[in-house]
Amino acid sequence: MNTTLQHEDDKEKAKAKLLASFENLLSHNGSGHLEVNTKILKRGQKEVTIQCSRSHRFIVDMEEKEGGAQ
């Protein structure tokens, strides 16, 4: 698989895991904790870690923007 397509797929997987974790916390009878961390890597990539009972790690391509625009 093309590396660019793989990282785009990882981005979608990270989004899906974040949403699923959030929905799981809302439907759970008790309390819970959801944490998302990002770390800038070399070659225009980010490491995204989603912690909710278990830790899930994804590598995604960053969208570069001029002058720090959001």
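Lys13 and Asp9 belong to helix 1 (residues 3-27), where they stand 4 residues apart, about one turn of the helix. In this predicted model, the two residues form a salt bridge, with the closest N and O atoms 3.5 Å apart. Lys13 is partly exposed, its relative accessible area being 43%, and Asp9 is likewise partly exposed, at 31% relative accessibility.

Helix 1 also holds Lys15 and Glu12, which are 3 residues apart and thus separated by about one helical turn. Lys15 forms a salt bridge with Glu12, and the closest N and O atoms of this pair lie 3.8 Å from each other. That distance qualifies because the criterion admits a side-chain nitrogen of Lys or Arg within 4 Å of a carboxyl oxygen of Asp or Glu. Lys15 has a relative accessibility of 48% and counts as partly exposed; Glu12, at 40%, is partly exposed as well.

A further salt bridge joins Glu47 to Arg57, with 2.4 Å between the closest N and O atoms. Glu47 is located in strand 2 (residues 45-52) and Arg57 in strand 3 (residues 54-61), so this pair ties together parts that are 10 residues apart in sequence. How do the two partners stand with respect to burial, buried or exposed? Glu47 is buried, at 15% relative accessibility, whereas Arg57 is exposed, with a relative accessible area of 55%.

Under the stated criterion, the count of salt bridges comes to 3. In general, side chains of opposite charge can pair when their charged atoms come close.

Definitions and conventions: Residues numbered from 1 in each chain as written. Predicted model: local features only at pLDDT ≥ 70, side-chain atom pairs only at ≥ 80, totals over all residues. Heavy atoms only, no water. Helix = DSSP H or I, 4+ residues; strand = E, 2+ residues; numbered from the N terminus. Buried < 20%, exposed > 50% of the residue type's maximum accessible area, 1.4 Å probe, protein only.
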